[in-house]
Amino acid sequence: MNTMNQTLLLRASAKVGPRVSLAIGLTVLAVLLALPLLHLLPGDHALHVSSYTLTLVGKILCYAVVALALDLVWGYAGLLSLGHGLFFALGGYAMGMYLMRQSAGDGLPAFMSFLSWSELPWYWVGTEHFLWALCLVVAVPGLLAFVFGYFAFRSRIKGVYFSIMTQALTFAGMLLFFRNETGFGGNNGFTDFKRILGFDITAPGTRAVLFLASLLLLLGSLYLGFRLARSKFGRVLTAVRDAENRLMFCGYDPRGYKLFIWVLSAVLCGLAGALYVPQVGIINPSEMSPTNSIEAAVWVALGGRGSLIGPLLGAGLVNGMKSFFTVALPEYWLFFLGALFILVTLYLPKGIYGLIKRGEQ
Amino acid sequence: MPTALYRLLLSLALLLPLGAQAGDALEFTRAGASEQVRLLEHWSASPTAERRAFLDALQQGRIGADGDKNPYVQQAGQWQPLTEANSDDNPRVLRLNNRLRGLLNTALASHALSDENAGARLDAARTLQRNAPPALLPVLEQRFAQEGDDAVHDALALALANLQLASPEAATRLKAVRLLGETGEPQAKTRLQSLLDGDEADPAVRKAAETSLAQVERKLFIGELLGQAFSGLSLGSILLLAALGLAITFGLLGVINMAHGEMLMLGAYSTYLVQIGFQRLAPEYLALYPLAALPVAFLVTAAIGMALERTVIRHLYGRPLETLLATWGISLILIQLVRVIFGAQNVEVANPAWLSGGWQVLPNLVLPWNRIVIIGFALFVVALTWLLLNRTRLGLNVRAVTQNRNMAACCGVPTGKVDMLAFGLGSGIAGLGGVALSQIGNVGPDLGQGYIIDSFLVVVLGGVGQLAGSISAAFGLGVLNKILEPQIGAVLGKILILALIILFIQKRPQGLFALRGRVID
């Protein structure tokens, strides 16, 4: 009797499971689409969404893109990067340059006047144009990832070696950006933005558009990820992860595959950073600290690597809990995060997504 | 009443040198203000060994005079007459005005030039560099000719040259300039530079000054170079202490322990606790607390390391990336734990006297004792580790498991136990490193974070399973860091080093000293 019930239940859930997941996914999407519209409602309306909430969710959407990008290299190609914060911050800084120029008008950005510089450094040339800033958002993280990846994959650095090198890379970047002479505002970074493309950056309309752009970026990355994962390219990547040597014996050269996914991942991070900065209103070198990058790894681990939905879940959950803890129990956040790192790796090797999958079967 | 007798004898002994100078004292106390100036100037120019005790007492405010201007000296709170002629008045301390004080200092310095202690002579020469009157020239020349100690000799040369440079005669100035060239003092450089920039008319003196300047600069450059090499070695020894344990555990288990930096931190906090314990329980032995902290720190961190290995890391073997994340989680918890217990501020760990100060090697090169001791300590730890790995049963097992885990297990090596002990050893070494770090830097919850990336780079560069690799990588990175630092700045230096490491492992992906293996996945 009991066993029969169980089999019936299993069969029912196997049928229902994917549909339930799909339904939940669509609901979440609908809510996310509705949020910016509700933000446009007048402030005293019952359904009004505060700018704090919108910014928080928008921030998490950007983090979700980072998690997805990290999952592409870690979950599929087996390369754990502990330096994705660097690409994220570089994209953010490129966008920040444009925003600073917008605030400064024809003059120099404020922090340069404090350093009594008389003219812009050469790498600031053209940053008053939005399109050029967008090019930088893509090109700078992409180029850095290409150069680093080219050398790293050429000498077949992998595993923990690769992780450590990426961590050292973001650490070096942080030190570099902390210097005032580097020309990116040193310690304080960029802040006090006013306008983007001529629109007031704090206006509800602008916020709503930025939010929608982040959502669009996430959906686009997700679609790209799905296409890649289903393609032959994705299968080769998985083979790189599981047995690189055997793949090479079969006549494949894994370097190109790894380099492509690595650069793509970095570019996605850069784009996420570029959307993050105007919403949050600040970018400084601490975004490059190794701690931030390694935290991104726990989003992916918690959500479930090697799946595309998992990292999004992880990013949402961890950051949601972070906003809760830092307000309610700031002392205990690090204990919680630490325990999360340990418990997820010990007991949830496939993350929450793995749990859900098991439930469905 | 032996005590009273002793006291009497003691004061008599102390009085003897003063008694011999009763004439000087009487002369001084009887003199008017302008006469006292003349006296001090005269004494500066003709120092005698006997007068020194009187001048010392005068500077310490222990010389007094009664109503008849008879001199007295204060011994242990009591006024003792220095001459036969006593009146019944209570003596009053002799007050000196600022001018007299300055002259007294000069006079004391000129007397101290013949002190037995080289340090005192050096101090005296330094004082005279600043404010020697021309009348002192013969004294300085005589002392300069007799001086045996190099540092004092240099200092005297500078004092002498300072006087001679003011001379109207070109020949004397020439002599002074040549003299400056022979010293290695940083001030000699500024002195020569200002001479060249100033209005020195004599072409011969100018030319000599240029040669001397080049000479001095060369000497200073050597000092700087040695200083950089030393700070490089010092940084290297610290990196070595931080990375040694990491290299062992990485070689053995193939996992990176991100909580390794926190073992350094816990070692430093153990030192702090031991220091407090000594302050409370045995203040008389406080100077020895760093030595007592060594076993404590080792045991504490080794125990924590073994506990971590048994509870967390053991379950993650074969999944190095996950281990990295899990140990990162452990490090977060440890940092926050320390922050909650000890507070987020740095705690104060003081150097005992034998670790403070430094050894003056050259005029512009002082080597701090704590850094010298730490270099020695790092080498000592390496030697111990080498002995442990190469001369004991445990070391044999560790090496076997490092080379081939399965084969070692087949031969009956208890790999689980070896893993645990090796992890404890690695953590314990980090704890010892923490004791060393507590003596040269701040002790705070974030102490370990600053070292973790550098020590990883040491492991990456040095390769695993070989002590020689770690040693050469640590010292190489340390020295390279310190050589690059003054040229292009600390930050760009670090970035350059990272780039160099990336290029280096293009050539040798397994590090400097690789174990040859035949295993492929």
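Here is a short chat about how some labels on this predicted model are earned.

User: What makes chains A and B count as touching, and how many residues take part?
Analyst: Two residues are in contact if their C-beta atoms, placed from the backbone, lie within 7 Å. The contact takes 37 residues from chain A and 32 residues from chain B.

User: Which helix of chain B gives the most to that side?
Analyst: That's α14(B), with 14 residues. α14 (320-342), α19 (449-462) and α21 (490-507) of chain B each supply at least two.

User: What makes the residues on that side of chain B nonpolar, polar or charged?
Analyst: The residue type decides: Ala, Val, Leu, Ile, Met, Phe, Trp, Tyr, Cys and Pro count as nonpolar, and Asp, Glu, Lys and Arg as charged, with the others polar. Sorted that way, the side of chain B that touches chain A has 25 nonpolar, four polar and three charged residues.

User: Where in chain A is confidence lowest, and where is it highest?
Analyst: pLDDT runs from 0 to 100. Helix α1 (residues 2-39) of chain A is lowest, with a mean of 71, and helix α10 (residues 254-280) of chain A is highest, at 95. Over residues 1-10 of chain A the pLDDT is below 50, and that stretch has zero contacts in the model beyond near neighbours in sequence. As a whole, chain A averages 88, with 95% of the residues at 70 or above.

User: Why is a set of residues called a nonpolar core, and which members of the largest one touch the most others?
Analyst: The name fits because the members are buried residues from a nonpolar list, joined through C-beta atoms within 7 Å. The largest such core has 189 residues, and A:V66, A:A67 and A:A272 touch the most other members. Helix α2 (residues 51-76) of chain A gives the most to this core, with 17 residues. Setting aside neighbours within four places in sequence, A:V66 is in contact with A:H84, A:F88, A:C269, A:A272 and A:A296. There's also a second, separate core of 51 residues, with B:Y72 and B:L108 among them.

User: How do you know that β5(B) and β6(B) pair?
Analyst: Pairing needs at least two bridges. Strand β5 (residues 358-362) of chain B and strand β6 (residues 365-368) of chain B have four, and run antiparallel. Given that cut-off, they therefore count as paired. One of the bridges puts B:G358 opposite B:P368, and a hairpin of two residues joins β5(B) to β6(B).

Conventions: Residues numbered from 1 in each chain as written. Chains lettered and ligands numbered in written order. Predicted model: local features only at pLDDT ≥ 70, side-chain atom pairs only at ≥ 80, totals over all residues. pLDDT = per-residue confidence, 0-100. Buried ≥ 20, exposed ≤ 12 C-beta atoms within 10 Å, placed from the backbone.
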